[in-house]
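This report looks at strand pairing, the nonpolar core and the pockets of one protein chain. The sequence and the structure come first, and the description follows.

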Amino acid sequence: QVQLVESGGGLVHLGGSLRLSCAASGSIFSINTMGWYRQVPGKQRELVAQLTSDGVTNYADSVKGRFTFSRAGIKNTVYLRMNSLEPEDTAVYYCYANIRSTGEDSYDMDYWGKGTLVTVSS
């Protein structure tokens, strides 16, 4: 069973920084893509940053220049460095991955972490 576990959330003041981590484990054959999404109560989950098929990262306009996505493939771990945080960044941040599992009947599937809360005070 594939699992994604996020960590690194917390409370910061406006202008502060945090680094989120996501570790993927389990029956992983290959990772097709990974990314970060966020969600606040009453709103849909939205993309923050996601790796594309050509190896570049697609960022939401609201976080461009402030957030940086990186991937450590050897450890199946991705990070989201968040700088110059704003109150509007307050949300539960979720790690996402599309992963091909191991085994004879392998297939691609979407996986989500449980989320980590980021709170930015003004």
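Two strands are taken to pair if DSSP finds at least two bridges between them. The model is predicted, and the pairings below are to be read with that in mind.

**Strand pairing**

By that criterion strand β4, residues 28-39, is joined to strand β9, residues 91-101, by 10 bridges, and these two strands run antiparallel. Within this pairing, Ser 30 has Arg 100 of β9 as its bridge partner. Strand β4 also pairs with strand β5, residues 46-51, again in the antiparallel sense, over four bridges, and here Arg 38 stands opposite Glu 46 of β5. The hairpin that β4 and β5 form has six residues between the strands, and Gly 42 in that hairpin takes a positive phi near 85 degrees.

Strand β8 is the meeting point of two further pairings. Six bridges join β3 to β8 in an antiparallel arrangement, with Thr 77 of β8 as the bridge partner of Ala 23. On the other pairing, β7 and β8 are antiparallel and share six bridges, and Arg 71 has Val 78 of β8 as its bridge partner. Strand β8 is mostly covered, since five of its six residues are buried.

**Core and a buried arginine**

In soluble globular proteins, nonpolar side chains tend to be buried together. The largest nonpolar core in this model holds 31 residues, of which Leu 4, Met 34, Trp 36, Phe 69, Leu 80, Met 82 and Tyr 93 touch the most other members. At least two residues of this core come from each of β3 (18-25), β4, β5, β7 (67-72), β8 (77-82), β9 and β11 (116-121), and β9 gives the most, with five residues. Leu 80, when residues up to four places away in sequence are not counted, touches Leu 18, Arg 19, Leu 20, Trp 36, Val 48, Ala 49, Phe 67, Thr 68, Phe 69 and Tyr 93.

Arg 66 lies in the loop between β6 (57-59) and β7. Is Arg 66 buried or exposed? Its relative accessible area is 11%, and because buried means under 20% relative accessible area, Arg 66 is classed as buried. Apart from neighbours within four places in sequence, Arg 66 is in contact with Arg 81, Met 82, Asn 83, Ser 84, Leu 85, Glu 86 and Asp 89.

**Pockets**

Rolling a probe the size of a water molecule over the atoms shows where empty space is left. The two pockets described here are set side by side below.

| Pocket | Volume | Lining residues by class |
|---|---|---|
| Largest | About 180 Å³ | five nonpolar, three polar, two charged |
| Second largest | About 160 Å³ | two nonpolar, three polar, five charged |

The lining of the largest pocket consists of Val 2, Gln 3, Leu 4, Val 5, Glu 6, Tyr 111, Trp 112, Gly 113, Lys 114 and Gly 115. Both β1 (3-7) and β10 (108-112) supply at least two residues of that lining, and β1 gives the most, with four residues. Leu 4 thus appears in this lining as well as in the list of core residues that touch the most other members.

The second largest pocket is lined by Arg 38, Gln 39, Val 40, Lys 43, Gln 44, Glu 46, Glu 88, Asp 89, Thr 90 and Ala 91. Arg 38 and Glu 46, which stand opposite each other in the pairing of β4 with β5, are both part of this lining, and Asp 89, a contact of the buried Arg 66, is another lining residue.

Definitions and conventions:
Residues are numbered from 1 along each chain as its sequence is written. This is a predicted model: local features need pLDDT of at least 70, side-chain atom pairs count only at pLDDT 80 or more; totals for chains, interfaces and linings use all residues. Side-chain values use heavy atoms; hydrogens and water are left out. On a 1 Å grid over the protein atoms alone, a cavity is a set of points where a 1.4 Å probe fits but cannot get out, and a pocket is an open set with protein on both sides within 12 Å along at least five of seven lines; lining residues have an atom within 4 Å of a point. Grid points are joined across faces, edges and corners, and a volume is the space filled by probe spheres set on the points. Ala, Val, Leu, Ile, Met, Phe, Trp, Tyr, Cys and Pro count as nonpolar, Asp, Glu, Lys and Arg as charged, and the others, Gly among them, as polar. A nonpolar core is a set of buried Ala, Val, Leu, Ile, Met, Phe, Trp, Tyr and Cys residues joined through side-chain atoms within 4.5 Å. Buried means under 20% relative accessible area, exposed over 50%, partly exposed in between (1.4 Å probe, protein chains only). Contact means heavy atoms within 4.5 Å.
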